[in-house]
Each structure stands twice: as C-alpha cells, then as structure tokens.
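Work through the following exercises with the coordinates open, and check each step of the solutions against the atoms themselves.

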Amino acid sequence: MDPENMVLYGLAAIAGFFILRALYRGIRGRQMLQERLLKEYRQALNGTDRQKALATGRAYFSFLRGNNELAQIDEQMVANDMKAMPQEKSQSLQEDSNDIISKLERLAKLKEQGVLSDAEFHEQKAKVLSL
C-alpha cells in the first residue's frame, strides 16, 4: 500500500468516526428530548392546570409525529389522558368549609361568654358538622 492510499484510508476512517458520532448524538439528543417532553406531560397530568396539560400533551404527540402536526387520534389521546386528571376543588366546597368554620368559632365564643352550656354547645356543634 502506498502512502497516499494510507492517508486517504485514514482520513476516511476519521470522517466515518465523526459522522457516526454525530448520528449517535443526534439520536441520543432526540431520545433525551422525548423523555423530557414525556416527563413534563406526565407532571402536567398529575396537576390541575388543564391548559398546561393540553399544551404539553400536544407538544409531546407532535414531537412523536415528527411533523409538528397532530392527528385526530393524538387529540383524542390527550383528551382521554386529561379525563383522568385530578379535578380542582370547587369554589362552593371551599365556601362551605369556611362557613362551617365560622359557625363553629361563633359557637365557641358563645360558650366562652356563658350563653351556651356544654350540652347546648355540643348539640349545636353536632348540627353544624352534620350539614
């Protein structure tokens, strides 16, 4: 083998190495991005922010398609996943809780002032808690 061919083969081997390394990094980078998008989507589904879950779900499925477009099946999958999300506490439930607390505080004050006896206090407390 003459020296010129050896140099050419050496350069071809070095170029091949760099091409394979770039391909590996590209594939690995794509895998890491997919894992990150999936993790963000799962975290969003565990929360109560439906807009965030919708956006991250669309981003994840769009990435899987590779063309930045969603198919109808992708939208349906996101919708199905969102049905399993925890629901936000309703405002009325919080208001009911605040109302019960204020009634119990008022009963406690009446008992402290001597307006209610222990028996009357416990009877009224049981009524408030049974609502």
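Helices here are DSSP runs of H or I that comprise at least four residues, and they are numbered from the N terminus. The model is a predicted one.

**Exercise 1.** Compare the span expected for helix α2 with the distance between its end C-alpha atoms, and then describe what lies at its start and what follows it.

Solution. Helix α2 covers residues 50-65, which makes 16 residues. The expected span is 1.5 Å times one less than the number of residues, so α2 should extend over 22 Å. The end C-alpha atoms are 22 Å apart, which agrees with that expectation. At the start of the helix, a side-chain oxygen of Asp-49 comes to within 3.2 Å of the backbone nitrogen of Gln-51. After α2 comes Gly-66, which has a positive phi, near 80°.

**Exercise 2.** Determine which residues of α2 are buried and name elements that cover them.

Solution. Taking buried to mean under 20% relative accessible area, one finds Ala-53, Thr-56, Gly-57, Tyr-60, Phe-61, Ser-62 and Phe-63 in α2. The cover over these buried residues includes α1 (3-46) and α3 (72-83).

**Exercise 3.** Examine the salt bridge between Arg-65 and Asp-74, and decide for each partner whether the residue is buried, partly exposed or exposed.

Solution. Side chains of opposite charge can pair when their charged atoms come close. The side chains of Arg-65 and Asp-74 form such a bridge, with an N to O distance of 2.6 Å. Arg-65 has 42% relative accessibility and therefore counts as partly exposed, whereas Asp-74, with a relative accessible area of 5%, is buried.

**Exercise 4.** Of the seven salt bridges in the structure, analyse Glu-40 with Arg-36 and Glu-123 with Lys-127.

Solution. Begin with Glu-40 and Arg-36, whose closest N and O atoms are 2.9 Å apart; both residues lie in helix α1, four residues apart, about one turn of the helix. Glu-40 is partly exposed at 30%, and Arg-36 is partly exposed at 44%. Turn next to Glu-123 and Lys-127, which meet at 3.8 Å, N to O; they too are four residues apart, about one turn, in helix α5 (residues 118-130). Their relative accessible areas are 43% for Glu-123 and 45% for Lys-127.

**Exercise 5.** Locate Leu-110 and describe its surroundings.

Solution. Leu-110 belongs to helix α4 (residues 91-112), and its relative accessible area of 28% makes it partly exposed. Leaving aside residues up to four places away in sequence, Leu-110 touches Val-115 and Leu-116. The C-alpha atoms of Leu-110 and Phe-121, eleven residues apart along the chain, are 8.3 Å from each other.

How values were computed
Residues are numbered from 1 along each chain as its sequence is written. This is a predicted model: local features need pLDDT of at least 70, side-chain atom pairs count only at pLDDT 80 or more; totals for chains, interfaces and linings use all residues. Side-chain values use heavy atoms; hydrogens and water are left out. Helices (H or I, at least four residues) and strands (E, at least two) are DSSP runs, numbered from the N terminus. Buried means under 20% relative accessible area, exposed over 50%, partly exposed in between (1.4 Å probe, protein chains only). Contact means heavy atoms within 4.5 Å. A polar contact is a pair of N or O atoms within 3.5 Å; within protein, one must be able to donate a hydrogen and the other to accept it, and residues adjacent in sequence count only if both atoms are side-chain atoms. A salt bridge is a side-chain nitrogen of Lys or Arg within 4 Å of a carboxyl oxygen of Asp or Glu.
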